[in-house]
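Student: I am new to this structure. Can we go through it by question and answer?

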Amino acid sequence: MVPQKPDIAALKDLTIENITGNVHVINSDCQDTLTRFLFERLVAHLDDFARETRLSTAEWETAIRFLTECGKICSDTRQKLILLSDVLDLSLLVDSIDHPKAPAFTEGTVLGPFHAHVSETVSSGAAIPHDPNGEPLLVPVVAVDIDVWETDSKGFYDVQYAGREGFDGRAVLSSDEHGDFHFKVIVPVPYPIPDDGLVGRLLAVLKRHQYRPSHMHFMALYLRRDPYETSDVVFGVKELLIVDLQAAADISVCCAKYGMPETMKVLKYDFFLVADAEITALRNQKALDAASCLGLKLKLDHGLLVRDD
């Protein structure tokens, strides 16, 4: 028989009130300080949620079935758990915590589930989508490599088409010898997130629509006055990332220079990127401030938040 620690109640004596503390003690031998801290807080919040809502066995079973079904649908091209995280606002919250906005720098937003780690590399001036029905859009960029992706005019990403061949609407671009480049795309359109599974059913129960506003991914830039600008299903829109499409100053010269039709629009946006060291320092300070507000005694240990006992 394995002896129990003297400060752990016998299992038969666990109650609604003392079970959380007992789990903390049982997990306290974990040698990784970050893992131990994360599980301590996870158990505390899960237990508090169950106690606060008086969670029933039937409700718990429904949640387990829901997560199980979400997992079954996941594949290399369909990540329903990320989508679930998106519509519950967790994705944006984590991104905002992990990438706090530094003064005078561009803030981030959710990456979204349709980024692909492999895209074709194209030269300056390339037309990224092959959709003939989209409205032409020119995007000039200066002195930076860029990973870009967007939907077609029907609101679907290339990875959503079965049997697709090659890439469409996504590319990695490298600047020319002068450090400049531009690329040709189509004006983004609003689109629904996949609603054929459990996440779609959840949105229906919550009486929420499934649409994302028109946007193009660098991180993401959103078109002003989109009908879903203020109700993005995954909460990704931020005021500083909303843009207006412009008409070319000299349309004939611009069309000749870039090989675009006279109906084209132009998207311009100045990105200000923050250095890793500065964002790390800001993230750490905000973490300590948040812990202090919650009454938690934490410290930084090699960049990780751990208990300051």
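The talk below takes up a sheet and some aromatic pairs in this predicted model.

Student: Which strands stand at the edges of the open sheet in the order 8-9-10?

Tutor: The sheet has 3 strands, and their pairing is mixed. An edge strand has a single partner strand, so one side is left without a neighbour in the sheet. That picks out strand 8 (215-216) and strand 10 (242-243).

Student: What is the bridge partner of His 215 in strand 9?

Tutor: Strand 8 and strand 9 (residues 221-223) run antiparallel. There are 2 bridges joining them. In strand 9, the partner of His 215 is Tyr 222.

Student: How many aromatic pairs does the structure hold?

Tutor: One of them joins Phe 156 and Tyr 161, with 5.9 Å centre to centre. Another is made by Tyr 157 and Tyr 191. In total, the structure holds 3.

Student: Is Phe 156 buried or exposed, or in between?

Tutor: Buried means under 20% relative accessible area, and exposed means over 50%. Phe 156 has 38%, so the residue falls in between: partly exposed.

Tutor: Its partner Tyr 161 has 36%. That value also makes Tyr 161 partly exposed.

Student: Why is the pair of Tyr 157 and Tyr 191 edge-to-face?

Tutor: The ring centres of Tyr 157 and Tyr 191 are 5.4 Å apart. Planes over 60 degrees apart count as edge-to-face. The pair qualifies because its planes are at 90°.

Student: How many residues apart are Tyr 157 and Tyr 191?

Tutor: Both residues are buried. Tyr 157 is in the loop between strand 3 (146-149) and strand 4 (170-173). Tyr 191 is in strand 6 (residues 191-192). The pair links distant parts of the chain, and the separation is 34 residues.

Terms used: Residues numbered from 1 in each chain as written. Predicted model: local features only at pLDDT ≥ 70, side-chain atom pairs only at ≥ 80, totals over all residues. Heavy atoms only, no water. Pairing = 2+ DSSP bridges. Helix = DSSP H or I, 4+ residues; strand = E, 2+ residues; numbered from the N terminus. Phe/Tyr/Trp six-rings, centres within 6.5 Å; stacked < 30°, edge-to-face > 60°. Buried < 20%, exposed > 50% of the residue type's maximum accessible area, 1.4 Å probe, protein only.
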